[in-house]
Amino acid sequence: MNLAIIIARKKSKRLKNKNLLKIGKYNLIQIALIEGLKVKKFKKIIINTDINNIENQFKFLSQKQSDKIIFMKRKPNLSNDKAKAVSVVMDSIKKLKNPK
């Protein structure tokens with residue numbers, strides 16, 4: 001299965017809540033998802049984040065678009081500024097293969 005993984009951490013050292021700041025009509029996470037939905041090869045798009053209630057940011061999507069999204073809560077040890085993106089991606093794949 002072809003999938004996309006969007007990783008977005010809540011805290012930023014330089015720009016507070018940067019992933020939720022609007023750029024025009026949408027915030028960064030919304031823009032990333034909108035662009036991912038344009039790629040027809042992606043069957044699912046994972047949003048891996050430690051931002052609480054992130055689902056509320058995507059109420060504007062159609063049901064068909066919403067069905068493609070998988071929300072994953074990022075572990076605290078993968079939410080700090082020392083966490084590597086590859087570790088978050090691997091954790092997402094692991095959760096996808098073995099949901100609990």
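How many bridges join β4 to β5, and in which direction do the two strands run relative to each other? There are 5 bridges between β4 and β5, and the strands run parallel. Before I go on, please keep in mind that what we are looking at is a predicted model.

Let me stay with the sheet for a moment. It is an open sheet of 3 strands, in the order β1-β4-β5, and the pairing is parallel. The edge strands are β1 and β5, each of which pairs on one side only, and the twist from one strand to the next averages 20°. On the other side of β4, 6 bridges join that strand to β1, again running parallel. If you would like a residue to follow across the sheet, take I46: its bridge partner in β1 is I5, and its bridge partner in β5 is I70. Strand β4 is also mostly covered, with 5 of its 6 residues buried. As a general reminder, strands of a sheet pair through backbone hydrogen bonds, either parallel or antiparallel.

Now to the helices that lie against this sheet. Helix α1, residues 28-38, packs on the sheet and touches β1, β4 and β5, with a direction that makes about 165° with that of β4. Within α1, the buried residues are I29, Q30, L33, G36 and L37. Viewed down the helix axis, these buried residues fall within an arc of 125°, so they line one face of α1. Their packing partners include the sheet strands β1, β4 and β5, and also β2 at 22-23, β3 at 26-27 and the helix α2 at 63-66. At the start of α1, a side-chain oxygen of N27 comes to within 3.2 Å of the backbone nitrogen of I29.

Helix α3, residues 85-97, lies across β1, β4 and β5 as well, and runs at about 125° to β1. One residue of α3 that I would point out is D91. Is D91 buried or exposed? Its relative accessible area is 8%, and because the cut-off for buried is under 20%, D91 counts as buried. Leaving aside residues up to four places away in sequence, D91 touches K75 and L78.

Turning to the interior, the largest nonpolar core has 13 residues, and those with the most contacts inside it are I29, L33, I45, I47, F58 and L61. The elements that give two or more residues to this core are β1, α1 and β4. In soluble globular proteins, nonpolar side chains tend to be buried together. F58 is a useful residue to look at here: beyond residues up to four places away in sequence, F58 touches I29, Q30 and L33, together with I47 and F71.

Finally, let me contrast this with a residue in a loop. R14 sits between β1 and β2, and at 81% relative accessibility R14 counts as exposed, because the cut-off for exposed is over 50%. The C-alpha atoms of R14 and K64 are separated by 36 Å, the two residues being 50 apart along the chain.

Methods: Residues are numbered from 1 along each chain as its sequence is written. This is a predicted model: local features need pLDDT of at least 70, side-chain atom pairs count only at pLDDT 80 or more; totals for chains, interfaces and linings use all residues. Side-chain values use heavy atoms; hydrogens and water are left out. Buried means under 20% relative accessible area, exposed over 50%, partly exposed in between (1.4 Å probe, protein chains only). Helices (H or I, at least four residues) and strands (E, at least two) are DSSP runs, numbered from the N terminus. The arc is that of the directions from the helix axis to the C-beta atoms. Contact means heavy atoms within 4.5 Å. A polar contact is a pair of N or O atoms within 3.5 Å; within protein, one must be able to donate a hydrogen and the other to accept it, and residues adjacent in sequence count only if both atoms are side-chain atoms. Two strands pair if DSSP finds at least two bridges between them. Axes are lines fitted to C-alpha atoms, for helices over the stretch in contact, and angles run from 0 to 180 degrees between N-to-C directions. A nonpolar core is a set of buried Ala, Val, Leu, Ile, Met, Phe, Trp, Tyr and Cys residues joined through side-chain atoms within 4.5 Å.
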